[in-house]
Amino acid sequence: MALTYEEAVKYLYGLINYEKISFSYSDLKLDRMRELVNRLSNPQNDFPSILVAGTKGKGSTAYFLERLFLAWGWKCGFYTKPHLLTFRERIRLEGNLIPAQDLANLVEEIKPVVEEMRNSPWGRPTYFEVSVALAFLYFSRKKVDVAVIEVGLGGRLDATNVCEPQLTVITPISFDHTDVLGDTLSAIAREKAGILRKGIKLVLLPQEEEARKTILKEAQEKSAPVSEVEKECRWQILSREKSGSLFSFSIGDWGEGVCSLSLLGDHQVVNFLSALLAAREWGLSFDQQKLSRALKDLYWPGRIQILSLEPLVVFDVAHNQASFSQLIKTLQDFLGMEKAVFLLGLLEGKDYIGIAQELKGFTSRVFLTLPLNPKAILPQIISPYLKREGIEVEIVKDLFQARDLAFQFAQEEKLPLVTAGSFYLAPLFAQQLFLPQEEEKAYVDSSRKN
């Protein structure tokens, strides 16, 4: 009997080793992933692909690229991670989540191969490796014209790096996963630049100079041509409102225009222009009508997302100092916020000291809680650093109780409520996110880790 979706998801989550909370980056080496896809007849070679790596904005940039390909009439696959509520978010075709039964069928097909590898020199593939392989299989079977692949951790040793991309993109690099990728921007940039290929064009978003120099050096060594957004694109933001931004732009001799972007933040304008530059490098011809189609009805949840206007409630997946800085600037510039109540939950390895510094002066009170993830950091570890910045703190370990108390306090103080710190806070807003959850709700609370 065929696997049901529930059984398939249970199997996938069962691949997560909860006892092994931390790991060596060498555990992610590509040998096992190469063996897995080889046993599946290398589906990643059946379609052209674009790899998108970076610390900040890679998901949004990849999403914009998907939207552009669809507007230009290409059959586009899109792989992203992590997901907010359902595993199906990770694998998309023509803008739609993979159907539940399609995923179940692919899991049934891949399961024997995964189990056979238990006794191989590489051991059984990980949850993330299997997730990526499922996407490759799906895109191969559906004969996509192109697949936009968001890289996971790092780049050089990430499971997605078994692809041979026809274009690469690197978004801004900042400090994150420093215990794994290195504690300097140069070290992190070197890992991200591991997606570069000899002679294959790189689209490079604005970077700190240390990271930029490292990436350009790596590109030069691989004879990879580089198109830098700051050199190729010109733009001016004309207005900032809660509905988004209006901006003018020009990209070399490719095209120019005025666009309205509903995702909030100046950084999203840059992400969108980067996707446009990548589209140019791919060979798409400029078309204002298609561009307008790409920008219509954008929905990329968890990115400075307004869940309610009265009272004002915002959800964002920011989880390092740089992204919190960006979040607060956007809240000020686009929503006119001067102060807010924060509901905050973080995972181990995150820079809670830097995040506390960003929240100083902007935050009335922080409600600290535990995201639904085995790697959640205990609130009492973060609390002293927030208090050191003069921030009032209340610890409420139960996630849903914390939401209710934070909301009540925000209402009493007539302040906005901002929830941030992790993708794994998303179950708090299941109703507002408009994503399917019922088919795997039994596992979503306790099983998601990667």
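Phe315 and Phe429 are both buried, and they make a good way into this structure, which is a predicted model. The two rings form a tilted aromatic pair, with 5.4 Å from centre to centre and 45 degrees between the planes. Below you'll find the rings, one helix and its surroundings, and a handful of backbone spots to look at.

**Aromatic rings**

- The model has 22 aromatic pairs.
- The Phe315–Phe429 pair links distant parts of the chain, with the two positions 114 residues apart. Phe315 belongs to strand S13 (residues 313-315), while Phe429 is in the loop between strand S17 (417-420) and helix H16 (430-433).
- Which residues do ring pairs link into a cluster? They are Tyr63, Phe64, Phe78, Phe247, Phe249, Trp254, Phe272, Phe286 and Trp300.
- Phe128 has a charge for company: the charged end of Lys81 sits over its ring, 5.1 Å from the centre.

**Cis peptide bonds**

- As a bit of background, most residues other than glycine have a negative phi, and most peptide bonds are trans.
- Lys81 turns up again here, joined to Pro82 by a cis peptide bond with omega about -10 degrees. Pro82 is in the loop between strand S2 (76-79) and strand S3 (91-93).
- Another cis bond runs from Glu310 to Pro311, and its omega is near 0 degrees. Look for Pro311 in the loop between strand S12 (305-308) and S13, the strand that holds Phe315.

**Positive phi values**

- Ser41 isn't a glycine, yet its phi is positive, near 70 degrees. You'll find Ser41 in the loop between helix H2 (30-39) and strand S1 (49-53).
- Is Ser41 buried or exposed? Ser41 counts as exposed because its relative accessible area is 59%, and the cut-off for exposed is over 50%.
- Lys414 is also a non-glycine residue with a positive phi, near 55 degrees. Its place is the loop between helix H15 (399-413) and S17.
- With a relative accessible area of 73%, Lys414 is exposed too.
- Gly361, which follows H13, has a positive phi near 85 degrees.

**Helix H13 and what packs around it**

- H13 (residues 352-359) and H14 (residues 379-388) have axes that come within 9 Å and cross at roughly 35 degrees. The crossing of H13 past H14 is right-handed.
- On the H13 side, the contact is made by Tyr352, Ile353, Ala356 and Leu359. H14 brings in Ile381, Ile382, Tyr385, Leu386 and Arg388.
- What kinds of residues make up this contact? There are 8 nonpolar residues, no polar ones and 1 charged.
- Tyr352, Gly354, Ile355, Ala356 and Leu359 are the buried residues of H13.
- Those buried residues pack against H14, and also against helix H12 (321-335), strand S14 (340-344) and strand S15 (363-368).

**A buried serine**

- Ser186 is in helix H7 (residues 185-192).
- Why does Ser186 count as buried? Its relative accessible area is 15%, and buried means under 20%.
- If you set aside its neighbours within four places in sequence, Ser186 is in contact with Glu210 and Thr214.

Methods
Residues numbered from 1 in each chain as written. Predicted model: local features only at pLDDT ≥ 70, side-chain atom pairs only at ≥ 80, totals over all residues. Heavy atoms only, no water. Axes fitted to C-alpha atoms, helices over the stretch in contact; angles between N-to-C directions. Helix = DSSP H or I, 4+ residues; strand = E, 2+ residues; numbered from the N terminus. Left-handed = near helix turned anticlockwise from the far one by under 90°. Contact = heavy atoms within 4.5 Å. Nonpolar A, V, L, I, M, F, W, Y, C, P; charged D, E, K, R; others polar. Phe/Tyr/Trp six-rings, centres within 6.5 Å; stacked < 30°, edge-to-face > 60°. Buried < 20%, exposed > 50% of the residue type's maximum accessible area, 1.4 Å probe, protein only. Lys NZ or Arg CZ within 6 Å of the ring centre and 35° of its normal.
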